[in-house]
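Subject: Structure for your review: salt bridges

Dear colleague,

Please find below the structure for your review. My notes on its charged side chains come after it.

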Amino acid sequence: KDFDFYITEVSITEPRKEAVDFSDPYYRSPLVLLAVDGSPVFEAKTLEDLRQYTFGAQVGTVYYTYITEVIKPKKDPLIFNTNADSLQALVNGQTDADLQSLQIAQYVVSDAQFPQLGMVGVLPGGETDLGMVFEKGSALVPYVNKALQSLKDDGTLDALINEWLPVPADLSQIAE
């Protein structure tokens with residue numbers, strides 16, 4: 001690799017911690033349910049309402065884990081190699097619903113690639129902590145955590161989150 005750490009939307013999970021080191025969390029991202037605009041999925045108000053639908057998810061993601069362990073749909077979710085494949089399956093009608101982090105969902109519904117999709121709502125208990133990824137045993141982690149703490153302490157991180165990652169006020173909450 002030609003980099004010291006990786007920063008993009010990576011959820012901190014226990015299995016991942018076995019392979020890599022993470023910084024302290026820099027953001028807590030809600031999970032959002034996506035569906036094709038006009039789909040009956042938009043009528044769902046609870047997790048029970050969602051169990052009848054077919055879901056798609058990228059392999060190895062927190063999305064897949066949430067689908068199988070929390071929503072527990074009647075049909076096994078379809079698994080895809082990438083988020084883009086999962087979203088394309090939704091557009092193609094192979095699945096009824098898809099999960100993404102809020103930021104990916106906001107981008108997807110505003111992007112010309114998937115104009116047919118909309119955000120149904122935020123899923124309960126689906127928040128994930130995001131962190132920077134380092135090689136196991138990296139000496140950089142404490143220094144990055146100190147810098148991150150400084151950004152938290154002086155309000156810079158909150159200001160950036162409020163400017164660039166706001167939660168839409170009109171986004172409904174799916175109930176347990």
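The following paragraphs describe salt bridges and the exposure of the residues that form them.

Please bear in mind that this is a predicted model. It holds 4 salt bridges, and three of these are described here, among them one within a helix. As general background, side chains of opposite charge can pair when their charged atoms come close.

Within helix α1, which spans residues 14–17, K17 and E14 are 3 residues apart, or about one turn of the helix. Their side chains meet in a salt bridge with an N to O distance of 3.2 Å. K17 counts as partly exposed because its relative accessibility is 36%. E14 has a relative accessibility of 53%, and therefore counts as exposed.

A further salt bridge joins D21 to K136, with the closest N and O atoms 3.3 Å apart. D21 belongs to strand β1 (residues 20–22), whereas K136 sits in the loop between β9 (133–135) and α6 (141–153), so this pair ties together parts that are 115 residues apart in sequence. K136 has a relative accessible area of 48% and is partly exposed.

E48 and R51 also form a salt bridge, in which the closest N and O atoms are 2.6 Å apart. Is R51 buried or exposed? Its relative accessibility is 19%, so R51 counts as buried, the cut-off being under 20%. Its partner E48, at 46% relative accessible area, is partly exposed.

Yours sincerely,

A colleague

Note on methods:
Residues numbered from 1 in each chain as written. Predicted model: local features only at pLDDT ≥ 70, side-chain atom pairs only at ≥ 80, totals over all residues. Heavy atoms only, no water. Helix = DSSP H or I, 4+ residues; strand = E, 2+ residues; numbered from the N terminus. Buried < 20%, exposed > 50% of the residue type's maximum accessible area, 1.4 Å probe, protein only.
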